[in-house]
Amino acid sequence: TIFYAKHGSPMLIGVNEDNEKFFASSDSPIIGLAKEVNYFEDGDYGYVTKEELVIYSKEGTKKEAIYSLLATDKLSAQKDGFRFFMEKEIYEQSDVIADTLIGRLGEESVNFEELNPKLFDNINEIKLCACGTSYHSALSASYMFERYAKVRCSVEIASEFRYREPLMCKDTLFVVISQSGETADTLETLKMAKKAGLKTLVICNVDNSSMVRLADACILTRAGIEKGVASTKAFATQVTVFWMLSLYVAKLRDTMNAKDLAYQIHLLREVPVSVKVADTMHERIKRLSKRYLHGHGFFFIGRDVFFPLALEGALKLKEISYLHAEGYPSGEMKHGPIALADPELFTIALLPQHLLYEKSKSNVEELSARDSTICAISALEFDKADDFIQINHCEDYMLEFFQMMVVVQLLSLEISVRLGNDVDMPRNLAKSVTVE
């Protein structure tokens with residue numbers, strides 16, 4: 001007999017035709033082992049024997065298991081010839097973004113069948129709350145909500161928001177973002193928002209997760225199972241969802257004309273092609289990576305929506321290479337960090353052709369003049385760079401964003417591989433952070 005109780009952390013039980021039973025914290029470990037799963041609620045307890053599964057609610061009343069079918073596709077749990085799951089997931093981004101877009105893009109509007117437009121009635125602010133990589137996707141979303149939908153937007157780190165006695169106004173839509181839907185700090189902020197009577201929305205990759213069951217509405221990112229601890233395709237699909245959602249809200253609020261909206265939808269259709277990994281690009285990054293194994297740190301710098309991408313690039317490198325890296329807004333370098341500039345400081349400069357190019361370029365030139373080693377990522381040649389990774393010429397900065405995203409992911413991967421690290425299972429980290 002196995003006795004169990006669920007509080008805070010996620011827990012489910014899977015069963016198969018042979019009546020074998022498996023406990024797990026998420027679906028992915030039991031794919032191929034179990035056929036159906038029951039998700040436990042907080043306060044559930046009971047026991048399991050070979051013959052039966054007994055569940056009691058926190059009130060002590062007996063309850064029946066509610067089973068849902070588990071995906072049986074084991075292919076997503078295999079590497080398909082790639083060296084690491086993370087590498088496979090970077091290459092998969094084109095397909096999963098196409099899945100994220102499917103059925104949601106009309107000719108002149110974005111459609112979210114899962115959303116009731118009334119969710120946005122009387123909303124004067126969108127508050128985004130997340131941790132880690134999801135926080136970076138939320139930061140990029142804040143630029144899009146304000147630029148396209150003209151709605152005030154703020155972004156919070158969940159672990160900070162919980163304890164600072166925040167003001168919660170009823171005219172705020174509270175949005176939480178999580179790959180797993182189980183991130184402990186983010187889940188607690190969602191409970192706080194519900195208790196305060198706010199409308200809530202979750203952007204998540206896992207159906208039936210705790211956040212999905214709790215929030216008023218949910219948009220699934222459809223990234224599929226992500227096995228690598230350092231998130232790649234989850235981030236890509238979250239940003240894609242936010243881009244679509246900002247256009248959806250823009251249409252509701254009538255803040256964008258039909259021509260501009262149609263152009264944005266055209267750009268969204270181009271994203272799956274723009275994130276395809278070219279062999280020549282990957283080979284170049286592989287060769288370049290050997291120059292970046294030592295030194296006293298990395299600065300990833302960018303402006304506007306490329307600042308959250310700089311933060312994400314630095315986080316990826318930290319997570320899997322264990323080298324020190326920071327993301328910074330390009331214009332902030334003169335306010336202190338430039339004091340660190342020397343040949344052993346590596347600057348990864350995000351230089352989009354279509355967004356503040358001259359401004360960003362002058363910030364990088366300041367670093368170059370102080371002998372920092374510069375690796376520029378851009379569609380345009382940059383003569384002051386020590387290394388240059390060229391992306392394709394695009395018609396808009398958002399397509400440049402997605403191309404540069406792939407470059408920083410691959411750069412982190414290749415540096416980590418050269419250092420001999422386990423890319424998929426970095427030390428001290430877990431895939432879902434279900435503790436505070």
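Phe402 sits out of reach of solvent in this predicted model: its relative accessibility is 0%, so the residue counts as buried. The same reading applies to Trp243, which is buried as well, again with a relative accessible area of 0%. Aromatic pairing is a recurring feature here, with 19 aromatic pairs counted. One of these starts at the edge of the sequence, with Phe3 and Tyr47: their ring centres are 6.0 Å apart and the planes meet at 50°, so the pair is tilted. Phe3 belongs to strand S1 (residues 2-5) and Tyr47 to strand S5 (residues 45-48), so this pair ties together parts 44 residues apart in sequence. Neither ring is buried: Phe3 counts as exposed at 64% relative accessibility, while Tyr47 is partly exposed at 25%.The buried pair is put together in another way. Trp243 and Phe402 have ring centres 6.2 Å apart and planes at 20°, so this pair is stacked. Trp243 comes from helix H7 (residues 233-253) and Phe402 from helix H12 (residues 397-418), so the pair ties together parts that are 159 residues apart in sequence. Both residues also belong to a cluster, in which ring pairs link Phe235, Trp243, Phe306, Phe401 and Phe402.

Helix H12 also holds Val406. With a relative accessible area of 6%, Val406 is buried. Beyond its neighbours within four places in sequence, Val406 is in contact with Ile90, Gln93, Val275 and Val277. His282 is 124 residues from Val406 in sequence, yet the two C-alpha atoms are 9.7 Å apart in space.

As for the chain as a whole, there are 12 helices and 18 strands. How does the radius of gyration of the protein chain compare with that of a compact globule? For 436 residues, a compact globule would have a value near 22 Å, and the chain has 23 Å, which agrees. Along the principal axes, the C-alpha atoms fill a box of roughly 70 × 50 × 40 Å. Of the 436 residues, 56% count as buried. Residues 24 or more positions apart account for 72% of the contacts that have a separation of 6 or more.

The accessible surface of the protein chain amounts to about 18900 Å², and carbon and sulfur atoms contribute 50% of that. On the charge side, the chain has 49 positive and 63 negative side chains. The centres of these two sets lie 1 Å apart.

Two residues call for a comment on backbone geometry. Asn122 is not a glycine, but has a positive phi of about 60°. Its place is the loop between helix H2 (93-101) and strand S9 (125-130), and Asn122 counts as exposed, at 69% relative accessibility. Leu356, not a glycine either, has a positive phi of about 55°. Leu356 lies in the loop between strand S16 (345-351) and helix H11 (357-369). At 38% relative accessibility, Leu356 counts as partly exposed.

Another loop residue is Gly295, found between helix H9 (279-288) and strand S14 (297-302). Is Gly295 buried or partly exposed? With a relative accessible area of 37%, Gly295 is partly exposed. Leaving out residues up to four places away in sequence, Gly295 touches Glu344 and Phe346. Glu17, by contrast, is 56 Å from Gly295, C-alpha to C-alpha, with their positions 278 residues apart in sequence.

Glu160, finally, belongs to helix H4 (residues 158-161). Its relative accessible area of 54% is over the 50% cut-off, so Glu160 is exposed. Between the C-alpha atoms of Glu160 and Cys131, which are 29 residues apart along the chain, the separation is 9.7 Å.

Conventions: Residues are numbered from 1 along each chain as its sequence is written. This is a predicted model: local features need pLDDT of at least 70, side-chain atom pairs count only at pLDDT 80 or more; totals for chains, interfaces and linings use all residues. Side-chain values use heavy atoms; hydrogens and water are left out. Helices (H or I, at least four residues) and strands (E, at least two) are DSSP runs, numbered from the N terminus. The radius of gyration is taken over C-alpha atoms; the globule rule is 2.2 Å times the number of residues to the power 0.38. Buried means under 20% relative accessible area, exposed over 50%, partly exposed in between (1.4 Å probe, protein chains only). Contact means heavy atoms within 4.5 Å. Accessible areas come from the Shrake-Rupley method with a 1.4 Å probe; for residues, only the protein chains shown count as cover. Lys and Arg count as positive and Asp and Glu as negative; His and the chain ends are not counted. The place of a charge is taken as NZ of Lys, CZ of Arg, CG of Asp or CD of Glu. Rings of Phe, Tyr and Trp (its six-membered ring) pair if their centres lie within 6.5 Å; planes under 30 degrees apart count as stacked, over 60 as edge-to-face and the rest as tilted.
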